[in-house]
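Grab a coffee and open the viewer. Try each exercise yourself before reading its solution.

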Amino acid sequence: MSSVISELAKWDSFYEIVGSAAGALIGLQFVVLTLVAGRPELRGREVGAAFATPTIVHFGSALLLSALLCVPWQTITVIAVLWGIVGFGGIAYALNVARHMRAQTLYRPEFENWLFYVALPLAAYALLVAPAFAARSHTGAALFGVAAGTLLLLFAGIHNAWDSIAYLAFGSKRDAHRHSGKA
């Protein structure tokens with residue numbers, strides 16, 4: 001029991017940093033969406049499920065995992081089950097994002113989109129599932145796997161947030177001009 005607490009305690013600073021970053025980035029996403037809300041809509045709803053919402057979900061997952069791993073658990077079993085649930089749920093969600101990316105017609109996803117919106121999140125969530133099964137026998141290695149998955153979610157979210165903001169700032173203006181006939 002005390003070995004689990006000491007193993008988790010070694011990660012406190014890491015998860016405080018990752019959780020704080022994820023929370024701050026969620027807030028910034030809300031600010032950006034508020035600032036662009038008054039702009040003319042370019043069928044943006046159909047791409048929201050493919051490109052905007054996943055970013056918040058991945059930041060939220062990183063924040064949740066950071067909070068869960070800072071709880072003083074008495075055994076590794078409970079937290080392993082929780083990060084396994086987050087992992088399986090995230091895998092299902094990433095597959096749903098792929099479906100939304102294929103279904104929307106406003107933007108044709110490129111390789112980079114598939115990588116950062118589907119492949120890397122799938123890998124990150126898989127990095128949560130595998131350690132859930134190994135946590136009791138390999139606690140230290142399992143904690144590294146969860147840390148890698150959480151960090152991957154944070155970095156994919158950062159990339160996706162920047163990608164969305166850059167599109168809103170530059171790409172959607174170009175699209176608006178193209179649709180209105182202006183050069």
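Below are six short exercises, each with a worked solution.

Two ground rules come before you start. Numbering runs from 1 along each chain as its sequence is written, and side-chain values use heavy atoms, with hydrogens and water left out. This is a predicted model, so local features need pLDDT of at least 70 and side-chain atom pairs count only at pLDDT 80 or more, while totals for chains, interfaces and linings use all residues.

**Exercise 1. Work out which parts of the model you can lean on.**

Start with the score itself: pLDDT is the predictor's confidence in each residue, from 0 to 100. The chain averages 80, and 74% of its residues reach 70 or more. Next, go element by element: the highest mean belongs to H5 at 95, and the lowest, 66, to helix H1 (residues 2-9). Finally, check residues 176-183, where pLDDT stays under 50 and the model has 4 contacts beyond four places in sequence; a contact here means heavy atoms within 4.5 Å. Where pLDDT is low, the predicted coordinates should not be read in detail.

**Exercise 2. Describe the overall build of the chain.**

Count the elements: there are 6 helices and 0 strands. Both are DSSP runs numbered from the N terminus, with helices (H or I) needing at least four residues and strands (E) at least two. Read in order, that gives α-α-α-α-α-α. Now look at burial: of the 183 residues, 38% are buried, which means under 20% relative accessible area (over 50% is exposed, in between is partly exposed; 1.4 Å probe, protein chains only). Then turn to sequence separation: among contacts with a separation of 6 or more, 82% join residues 24 or more positions apart.

**Exercise 3. Take helix H4 apart.**

Begin with its length: H4 has 28 residues and spans 40 Å from first C-alpha to last, close to the 40 Å expected at 1.5 Å a residue. The expected span is 1.5 Å times one less than the number of residues. Next, pick out its buried residues, which include Ile79, Trp83, Gly87 and Met101. Tyrosine 93 is also in H4. Leaving out neighbours within four places in sequence, tyrosine 93 contacts Thr53, Pro54, Val57 and His58. Its C-alpha is 8.8 Å from that of leucine 122, 29 residues apart along the chain.

**Exercise 4. Find the aromatic pair and classify its geometry.**

A pair of aromatic rings is described by the distance of the centres and the angle of the planes. The structure has 1 such pair. Phenylalanine 88 and phenylalanine 133 make it up, at 6.5 Å centre to centre and 75° between the planes, so it's edge-to-face. The rule: rings of Phe, Tyr and Trp (its six-membered ring) pair if their centres lie within 6.5 Å, with planes under 30 degrees apart stacked, over 60 edge-to-face and the rest tilted. The partners sit 45 residues apart, phenylalanine 88 in H4 and phenylalanine 133 in H5. Lastly, check accessibility: phenylalanine 88 is partly exposed at 48%, whereas phenylalanine 133 is exposed at 67%.

**Exercise 5. Trace the largest nonpolar core and place alanine 135 in it.**

A nonpolar core is a set of buried Ala, Val, Leu, Ile, Met, Phe, Trp, Tyr and Cys residues joined through side-chain atoms within 4.5 Å. The largest one has 20 residues, and Trp83, Leu128 and Ala135 are among those with the most contacts inside it. Helix H3 (45-69), H4, H5 and H6 each supply at least two of its residues. Now zoom in: alanine 135 lies in the loop between H5 (111-134) and H6 (139-180). Its relative accessibility is 1%, so it counts as buried. Beyond four places in sequence, alanine 135 touches Ile76, Ala80, Trp83 and Ala142.

**Exercise 6. Why do proline 131, histidine 159 and glutamine 104 count as buried?**

Take proline 131, in H5, to begin: its relative accessibility is 7%, so it counts as buried. Outside four places in sequence, proline 131 contacts Trp83, Ala126, Ala142, Gly145 and Val146. Next comes histidine 159, in H6, which is buried because its value is 18%. Histidine 159 touches Glu112 and Phe116, not counting residues up to four places away. That leaves glutamine 104, in the loop between H4 and H5, which is buried because its value is 5%. A polar atom of its side chain lies 3.2 Å from the backbone oxygen of methionine 101.

Conventions:
Polar contact = N/O pair within 3.5 Å; in protein donor to acceptor, adjacent residues only side chain to side chain.
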